[in-house]
Amino acid sequence: MDIVEIYTDGACRGNPGPGGWAAVLSFRGREKILQGAEQQTTNNRMELTAAVSALDALKQPCRVDLYTDSEYVQRGISEWLSEWKRRGWKTAARKTVKNQDLWQRLDAAAGRHQVEWHWVRGHSGNHGNERVDRLANDAIDDMLLRTGS
């Protein structure tokens, strides 16, 4: 089975503030670029939105190598999610899990695929990561131009 390579990133100007997200999906020499932005959000929500949107864009079950510079996303999906679900979406400190709506969407999207989650250091010269960072920031710029903010 072929592997889809995905790079995702989220960006925020202020936290909270205007935010953007981007994903680049690569398969058999072809690419698909996804981007979006929100007026008032957080960096973590944008990181999660990028991953959810990328996985949701796949039309059939796939093997996926997904690269993110967000330890929150990578550790959340790989380490914390099963415990949150077991505890009824509560943290170890018995607080409601932040961004539960997006974690549930990511859990469902990832469940349709065979995903290997890879953490990469941000802003360290990784071409795929640098590219989605630029695209996420471009999404913020485009939104701010459109809205006159």
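1. Let's start with helix 2 and helix 3, which are roughly perpendicular to each other (angles of 65 to 115 degrees earn that label, under 35 counts as roughly parallel, over 145 as roughly antiparallel, and the rest as oblique). Their axes come within 11 Å and cross at roughly 95°. Axes here are lines fitted to C-alpha atoms, for helices over the stretch in contact, with angles from 0 to 180 degrees between N-to-C directions. Helix 2 covers residues 71–86, and helix 3 covers residues 100–111. Helices (H or I, at least four residues) and strands (E, at least two) are DSSP runs, numbered from the N terminus.

2. A word on the basis of this note: the model is predicted, so local features need pLDDT of at least 70 and side-chain atom pairs count only at pLDDT 80 or more, while totals for chains, interfaces and linings use all residues. Residues are numbered from 1 along each chain as its sequence is written, and side-chain values use heavy atoms, with hydrogens and water left out.

3. Which residues of helix 2 meet helix 3? They are Y72, V73, G76, I77, L81, W84 and K85, and on the helix 3 side they meet W103, L106 and D107. Contact means heavy atoms within 4.5 Å.

4. The aromatic residues deserve a look of their own. Across the whole structure, a search finds 4 aromatic pairs. The pair W80 and W84 is tilted, because the ring centres are 5.9 Å apart and the planes stand at 45°. For reference, rings of Phe, Tyr and Trp (its six-membered ring) pair if their centres lie within 6.5 Å; planes under 30 degrees apart count as stacked, over 60 as edge-to-face and the rest as tilted. W80 and W84 are 4 residues apart in helix 2, so about one helical turn separates them. An α-helix has 3.6 residues a turn, so residues three or four places apart point the same way.

5. Are W80 and W84 equally placed with respect to the surface, buried or partly exposed? W80 is partly exposed, at a relative accessible area of 29%, whereas W84 is buried at 8%. Buried means under 20% relative accessible area, exposed over 50%, and partly exposed in between (1.4 Å probe, protein chains only).

6. W84 also pairs with W103, edge-to-face, at 5.1 Å centre to centre and 65° between the planes. With W84 in helix 2 and W103 in helix 3, this pair ties together parts that are 19 residues apart in sequence. Both W84 and W103 are buried. Ring pairs join Y72, W80, W84 and W103 into a cluster.

7. Helix 3 has another partner in helix 1. The two pack at an angle of about 25° with their axes 9 Å apart, and they are therefore roughly parallel to each other. Their crossing is left-handed, a term for the near helix being turned anticlockwise from the far one by less than a right angle (right-handed if clockwise). Helix 1 contributes R45, L48, T49, A51, V52, L55 and D56 to the contact, and helix 3 contributes D101, L102, W103, R105, L106, A109 and A110.

8. Helix 1 (residues 43–56) has 10 of its 14 residues buried, so the rest of the structure largely encloses it. Among those buried residues are M46, E47, L48 and T49. The end C-alpha atoms of helix 1 are 20 Å apart, in agreement with the 20 Å its 14 residues should span at 1.5 Å a residue. The expected span is 1.5 Å times one less than the number of residues.

9. T49 is a handy residue to click on in helix 1. T49 is buried, with a relative accessible area of 12%. Not counting residues up to four places away in sequence, T49 touches W21 and L102. The C-alpha atoms of T49 and L102 are 7.0 Å apart in space, with their positions 53 residues apart in sequence.

10. In strand 1 (residues 3–12), have a look at T8. T8 counts as buried, at 0% relative accessibility. Leaving aside neighbours within four places in sequence, the contacts of T8 include A50, A51, A54 and V132.

11. Finally, helix 4 (residues 127–147) has 21 residues and reaches 30 Å from its first C-alpha to its last, close to the 30 Å expected. Its buried residues include V132, L135, A136 and A139. What covers the buried residues of helix 4 includes strand 1, strand 2 (17–27) and strand 3 (30–41).
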